[in-house]
Amino acid sequence: MDPLYLTIDIDWAPDFMIQGMADVLVEYGMRATWFVTHDTPLLGDLSAEPLFELGIHPNIAASSTQGGDEREIFGRLMELVPDAVCVRTHGNVQSTNLTIRMSRDYKMRVDASYFLPREPVKPHYVRWVETEILRVPYDWEDAYEASQSDSEWSLDEGHLAKPGMHVINFHPVHWYLNTQDYRTYARAKDLGPVQAWTPGLIADLIAAGQGPREFLTRLSIDGATRSRKLCDLLVTSGV
Ligand SMILES: [Zn+2]
């Protein structure tokens with residue numbers, strides 16, 4: 001079976017969402033790479049879980065709450081996740097020079113900042129003078145599918161049923177709300193910053209039926225045995 005890589009952009013989600021997702025993954029033995037945005041008491045448990053790997057999710061936009069400039073942002077995230085070798089920039093911000101700095105200055109070894117929706121994934125090395133980073137695009141994302149008129153929430157049909165490796169990306173907030181229509185989520189944002197949400201505040205917004213929440217459970221049940229962490233690619237990619 002082709003390998004399945006589950007990634008999770010934490011995106012400042014409250015702990016009850018992160019914990020809920022982690023519980024599902026551990027229950028079914030599903031491996032995952034979590035991209036960390038902020039400090040939380042859960043980081044200790046997540047990093048201690050053998051199924052999981054922690055990477056970093058820097059927001060290098062001018063409005064970032066993670067630090068005053070790129071170097072400070074990466075530095076603070078590396079303090080939170082000292083062993084991180086995988087990165088995905090928030091908003092998939094990227095440039096040639098950033099790629100070089102991520103490899104040379106911040107010692108990242110895997111860059112998963114490229115989204116190729118419903119396209120084949122082919123990891124590849126990007127090498128400059130004395131720098132090298134394995135770029136691993138991702139081909140499925142919860143928010144993207146919630147924005148489509150033909151949303152695909154299945155391993156058995158559509159893009160994810162095609163042969164080849166797949167790199168899937170979830171966000172805890174979309175998992176928790178089971179965001180099946182992105183317009184619903186856009187309205188939920190009126191409730192204020194997601195960090196301040198409580199289970200009671202958003203209880204009525206959880207969608208029933210097909211969507212990220214029920215798909216993650218089916219994905220974990222059917223995909224756990226072929227699930228991998230992104231860092232495994234450094235050993236197995238052979239590229
Ligand atoms: Zn993000």
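Q: Let's start small. In which helix is the place of M78?
A: This is a predicted model, so keep that in mind as we read it. M78 sits in helix 3, which covers residues 70-80.

Q: Is M78 buried, exposed or partly exposed?
A: The trick is to count the C-beta atoms around a residue: 20 or more within 10 Å makes it buried, 12 or fewer makes it exposed, and anything in between is partly exposed. M78 has 16 other C-beta atoms within 10 Å, so M78 is partly exposed.

Q: Which residues does M78 touch, leaving out those up to four places away in sequence?
A: Those are I56, A84 and Y106. You can also look at distances through space: M78 and P58 are 20 residues apart in sequence, and their C-alpha atoms are 10.0 Å apart.

Q: Now the inside. Which residues touch the most other members of the largest nonpolar core?
A: That core has 52 residues, and the ones touching the most other members are I8, M21, W34, V36, V110 and I168. Helix 1, residues 15-28, gives the most to this core, with five residues.

Q: Can we zoom in on one of them? What is V110 in contact with, beyond its neighbours within four places in sequence?
A: Quite a list! V110 is in contact with V85, C86, I133, L134, V136, L230, C231, L233 and L234.

Q: How do I describe two helices that pack together?
A: Two packed helices are described by the angle between their axes and the distance between the axes. Try helix 1 with helix 9, which is residues 212-223: their axes come within 9 Å and cross at roughly 25 degrees.

Q: What does that angle say about how helix 1 and helix 9 lie to each other?
A: Angles under 35 degrees count as roughly parallel, and helix 1 and helix 9 are therefore roughly parallel to each other. The crossing of helix 1 past helix 9 is right-handed.

Q: Which residues of helix 1 and helix 9 meet?
A: From helix 1 you have M21, V24, L25 and Y28, and from helix 9 you have L216, T217, S220 and I221. Sort the residues of this contact by kind and you get six nonpolar, two polar and no charged.

Q: Let's pick T217 from that group. How many other C-beta atoms are within 10 Å of T217?
A: There are 16, so T217 in helix 9 is partly exposed. The C-alpha atoms of T217 and M21 are separated by 9.4 Å, although the two residues are 196 residues apart along the chain.

Q: What about backbone angles such as phi?
A: Most residues other than glycine have a negative phi. Here, N92 is not a glycine, yet N92 has a positive phi of about 55 degrees. K107 is another such case, with a positive phi of about 60 degrees.

Q: Where do N92 and K107 lie?
A: Both lie in loops. N92 is in the loop between strand 4 (86-87) and helix 4 (96-104), and K107 is in the loop between helix 4 and strand 5 (110-111). N92 has 12 C-beta neighbours inside 10 Å, so N92 counts as exposed. K107 also has 12 such neighbours and counts as exposed.

Q: What lies 25 residues along the chain from K107?
A: That's E132, and the C-alpha atoms of E132 and K107 are separated by 9.6 Å. E132 lies in strand 7, residues 131-135. With 11 C-beta neighbours inside 10 Å, E132 counts as exposed. Not counting residues up to four places away in sequence, E132 touches S103, Y125 and R127.

Definitions and conventions: Residues are numbered from 1 along each chain as its sequence is written. This is a predicted model: local features need pLDDT of at least 70, side-chain atom pairs count only at pLDDT 80 or more; totals for chains, interfaces and linings use all residues. A nonpolar core is a set of buried Ala, Val, Leu, Ile, Met, Phe, Trp, Tyr and Cys residues joined through C-beta atoms within 7 Å. Helices (H or I, at least four residues) and strands (E, at least two) are DSSP runs, numbered from the N terminus. Two residues are in contact if their C-beta atoms, placed from the backbone, lie within 7 Å. Axes are lines fitted to C-alpha atoms, for helices over the stretch in contact, and angles run from 0 to 180 degrees between N-to-C directions. Angles under 35 degrees count as roughly parallel, over 145 as roughly antiparallel, 65 to 115 as roughly perpendicular and the rest as oblique. A crossing is left-handed if the near helix is turned anticlockwise from the far one by less than a right angle, and right-handed if clockwise. Ala, Val, Leu, Ile, Met, Phe, Trp, Tyr, Cys and Pro count as nonpolar, Asp, Glu, Lys and Arg as charged, and the others, Gly among them, as polar.
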